[in-house]
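Reader: Can you walk me through this model? Short answers are fine.

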Amino acid sequence: MAENAPTDIQITVETRYIPEQSSPEQAHYAFAYQITIENHGPQTAQLLNRHWIITDAEGHIQEVKGPGVVGEQPTLQPGQRFRYSSGSVLSTAVGSMHGSYEWITADGETFESPIPAFRLAVATVFH
């Protein structure tokens, strides 16, 4: 891990439940999330890999690892942002996701940026 890497990558997430793709009677809850990644660091960085940890309300964990996001490995100059949408299916009405992205700088040094935990929840669960 690089000592002077541009670790100032900001990640924000918006989520929503997708009732039309869900079947609660079959324990199938679909969620969409939109991720915005902003490079506030001093160097250009390319996203190489993602690592997600997805946990449902019963404590079941799925791990997802792989290259890039939505088929892309975006390169972000300082000040640039990248936004994408994806989704996840849980067997419970509530769950959470967190993880990390692996990056490489223009000079070949790698670093990770954490993806803060966020909640996936059917709104009616809280009424």
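Author: Let's begin with one glycine. Gly-95 has its place in strand 7. This is a predicted model.

Reader: Is Gly-95 buried or exposed?

Author: Buried. The relative accessible area of Gly-95 is 7%, and the cut-off for buried is under 20%.

Reader: What does Gly-95 touch, not counting residues up to four places away in sequence?

Author: Thr-55, Asp-56, Ala-57, Leu-90, Phe-118, Arg-119 and Leu-120. Take Thr-55: C-alpha to C-alpha, Gly-95 and Thr-55 are 5.5 Å apart in space, yet 40 residues apart in sequence.

Reader: What else lies in strand 7?

Author: Ser-100 does; the strand covers residues 94-105. Ser-100 is buried as well, with a relative accessible area of 12%.

Reader: And which residues is Ser-100 in contact with?

Author: With neighbours within four places in sequence left aside, there are two groups to list. One is Asn-49, Arg-50 and His-51. The other is Glu-112, Ser-113, Pro-114 and Ile-115.

Reader: How is strand 7 joined to strand 8?

Author: By 10 bridges, and the two run antiparallel. Strand 8 spans residues 110-121. Across the pairing, Glu-102 stands opposite Glu-112 in strand 8.

Reader: What sits between strand 7 and strand 8?

Author: Four residues; the two strands form a hairpin. Gly-108 is in the turn and has a positive phi of about 90°.

Reader: Switching topic. What's the strand order in the open sheet of three strands?

Author: The order is 1-2-6, and the pairing is antiparallel. Strand 1 (9-17) and strand 6 (81-90) each have a single partner strand, so they stand at the edges with one side left without a neighbour in the sheet. From one strand to the next, the twist averages 20°.

Reader: How many bridges join strand 2 to strand 6?

Author: 10 bridges, between antiparallel strands. Strand 2 is residues 29-39. Ile-35 stands opposite Tyr-84 in strand 6.

Reader: Pick another residue of strand 2. Where does Ile-37 lie, and is it buried or exposed?

Author: Ile-37 lies in strand 2. Its relative accessibility is 0%, so Ile-37 counts as buried.

Reader: What is Ile-37 in contact with, leaving aside neighbours within four places in sequence?

Author: A long list. It includes Ile-9, Gln-10, Ile-11, Leu-47, Leu-76 and Gln-80. Arg-81, Phe-82, Tyr-84, Tyr-101 and Trp-103 are on it too. Arg-81 is 44 residues from Ile-37 in sequence, but the C-alpha to C-alpha separation is 5.4 Å.

Reader: Which residues have the most contacts inside the largest nonpolar core?

Author: Ile-35, Ile-37, Trp-52, Tyr-84, Tyr-101 and Trp-103. The core has 26 residues.

Reader: Which strands supply that core?

Author: Strand 1, strand 2, strand 3 (45-56), strand 6, strand 7 and strand 8 each supply at least two residues. The largest share comes from strand 2, with five residues.

Reader: Any general background on cores?

Author: In soluble globular proteins, nonpolar side chains tend to be buried together.

Reader: Now the rings. How many aromatic pairs are found in the whole structure?

Author: Nine. In one of them, the rings of Tyr-17 and Phe-31 have centres 5.5 Å apart and planes at 55°, so this pair is tilted. Tyr-17 is in strand 1 and Phe-31 in strand 2, 14 residues apart, and the pair links distant parts of the chain.

Reader: Are Tyr-17 and Phe-31 buried or exposed?

Author: Tyr-17 is buried at 19% relative accessible area. Phe-31 is buried at 2%. For Tyr-17 the cut-off matters: buried means under 20%.

Reader: And how are Trp-103 and Phe-111 arranged as a pair?

Author: Stacked. The distance is 6.3 Å centre to centre, with 10° between the planes. Trp-103 and Phe-111 are both buried.

Reader: Which residues do ring pairs link into a cluster?

Author: Tyr-33, Trp-52, Tyr-101, Trp-103, Phe-111 and Phe-118.

Reader: Last topic, confidence. What pLDDT does the chain average?

Author: The average is 93, and 91% of the residues score at least 70. Over residues 1-5, though, the pLDDT is below 50. That stretch has 10 contacts in the model beyond near neighbours in sequence.

Reader: What should I make of low values?

Author: Where pLDDT is low, the predicted coordinates should not be read in detail.

Note on methods: Residues are numbered from 1 along each chain as its sequence is written. This is a predicted model: local features need pLDDT of at least 70, side-chain atom pairs count only at pLDDT 80 or more; totals for chains, interfaces and linings use all residues. Side-chain values use heavy atoms; hydrogens and water are left out. Two strands pair if DSSP finds at least two bridges between them. Axes are lines fitted to C-alpha atoms, for helices over the stretch in contact, and angles run from 0 to 180 degrees between N-to-C directions. Rings of Phe, Tyr and Trp (its six-membered ring) pair if their centres lie within 6.5 Å; planes under 30 degrees apart count as stacked, over 60 as edge-to-face and the rest as tilted. Buried means under 20% relative accessible area, exposed over 50%, partly exposed in between (1.4 Å probe, protein chains only). Contact means heavy atoms within 4.5 Å. pLDDT is the predictor's confidence in each residue, from 0 to 100. A nonpolar core is a set of buried Ala, Val, Leu, Ile, Met, Phe, Trp, Tyr and Cys residues joined through side-chain atoms within 4.5 Å.
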